[in-house]
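Let's take a walk around the pockets of this protein and the ligand that comes with it. Have a look at the structure first, then read on.

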Amino acid sequence: MAIERTLSIIKPDAVAKNVIGKIYSRFETNGLKVIAAKMAWLSAQEAGEFYAVHKARPFYADLVKFMTSGPVMIQVLEGEDAIAKNRDLMGATDPKKAAPGTIRADFAESIDANAVHGSDAPETAQVEIAFFFPAMNVYSGR
Ligand code: UDP
């Protein structure tokens, strides 16, 4: 398995719940290293651009509104199979369907306020990391 990087966002609902540390702990105990991080309060333009792939979906406007409703914690995770591993730790998009013990099962309320974002493929990971972090601010964990 290859060492990969993925973009993770702790969304406004989870930041408001004060569980950044608990979520970081799950990354760390599962072999994912935080190699870049920042807190940000996204503008509508930034959130809209980040989620541009969902522009035509009925939930797009609400998603942008939610993602700009408070600060988020944004990080690059590095580790073996990081993209799929982070998705496994996150659980299904709808927390009601998320497996027990996943971040969404434990910390999320609903399909729109679902605690975390994680890149879903190598191509999107690369684009999403570059969207938030200049290369010089990403530190290899190896
Ligand atoms: N979303 C939503 N309603 C839906 C589907 C998705 O509000 O019916 C939001 C939700 O916050 C989700 C994000 O849009 O995390 C992106 O959707 P995607 O299908 O890519 O899910 P993810 O990759 O985050 O699990």
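Which helices and strands each supply at least two residues of the lining of the largest pocket?

## Around the largest pocket

Keep in mind that this is a predicted model. The elements to look for are helix H3 (44-50), helix H4 (60-67), helix H5 (82-90), strand S4 (116-118) and helix H7 (122-132), each giving at least two residues to the lining of the largest pocket. H7 has the largest share there, with four residues.

In volume, the largest pocket comes to about 700 Å³. Its lining is made of 26 residues, and those nearest the centre are Tyr51, Val53, His54, Leu63 and His117. Sort the lining by class and you get 10 nonpolar, seven polar and nine charged residues.

## Where the ligand sits

So what fills that space? The ligand does: the space it takes is the largest pocket. Around the ligand you'll find Lys11, His54, Phe59, Leu63, Arg87, Thr93, Arg104, Ile111, Asp112 and Asn114. That shell splits into three nonpolar, three polar and four charged residues. Two names may ring a bell: His54 and Leu63 belong to the shell around the ligand, and they're also among the residues nearest the centre of the largest pocket.

## Polar contacts and burial

Now zoom in on the ligand's oxygen atoms. An N or O atom in the side chain of Thr93 lies 2.6 Å from a ligand oxygen. For Arg87, a side-chain N or O atom is 2.8 Å from an oxygen atom of the ligand. Lys11 joins in as well, with a polar side-chain atom 3.0 Å from a ligand oxygen. How much of the ligand does the protein bury? Taken alone, the ligand exposes 500 Å², and the protein buries 81% of that.

## The second largest pocket

There's another pocket to visit. The second largest has a volume of about 200 Å³, and it is lined by Arg5, Ile83, Pro122, Ala125, Gln126, Ile129, Phe133, Ala135 and Val138. By class, that makes seven nonpolar, one polar and one charged residues.

H7 turns up again here: it gives the largest share of this lining, four residues, just as it gives the largest share, four residues, to the lining of the largest pocket.

Technical notes
Residues numbered from 1 in each chain as written. Predicted model: local features only at pLDDT ≥ 70, side-chain atom pairs only at ≥ 80, totals over all residues. Heavy atoms only, no water. Near = heavy atom within 4 Å. Polar contact = N/O pair within 3.5 Å; in protein donor to acceptor, adjacent residues only side chain to side chain. Areas by Shrake-Rupley, 256 points an atom, 1.4 Å probe, with all protein chains shown as cover. 1 Å grid on protein atoms, 1.4 Å probe; cavity = no way out; pocket = protein on both sides within 12 Å on 5 of 7 lines; lining within 4 Å. Sits in = over half its atoms within 2 Å of the grid points. Nonpolar A, V, L, I, M, F, W, Y, C, P; charged D, E, K, R; others polar. Points joined across faces, edges and corners; volume = space filled by probe spheres on them.
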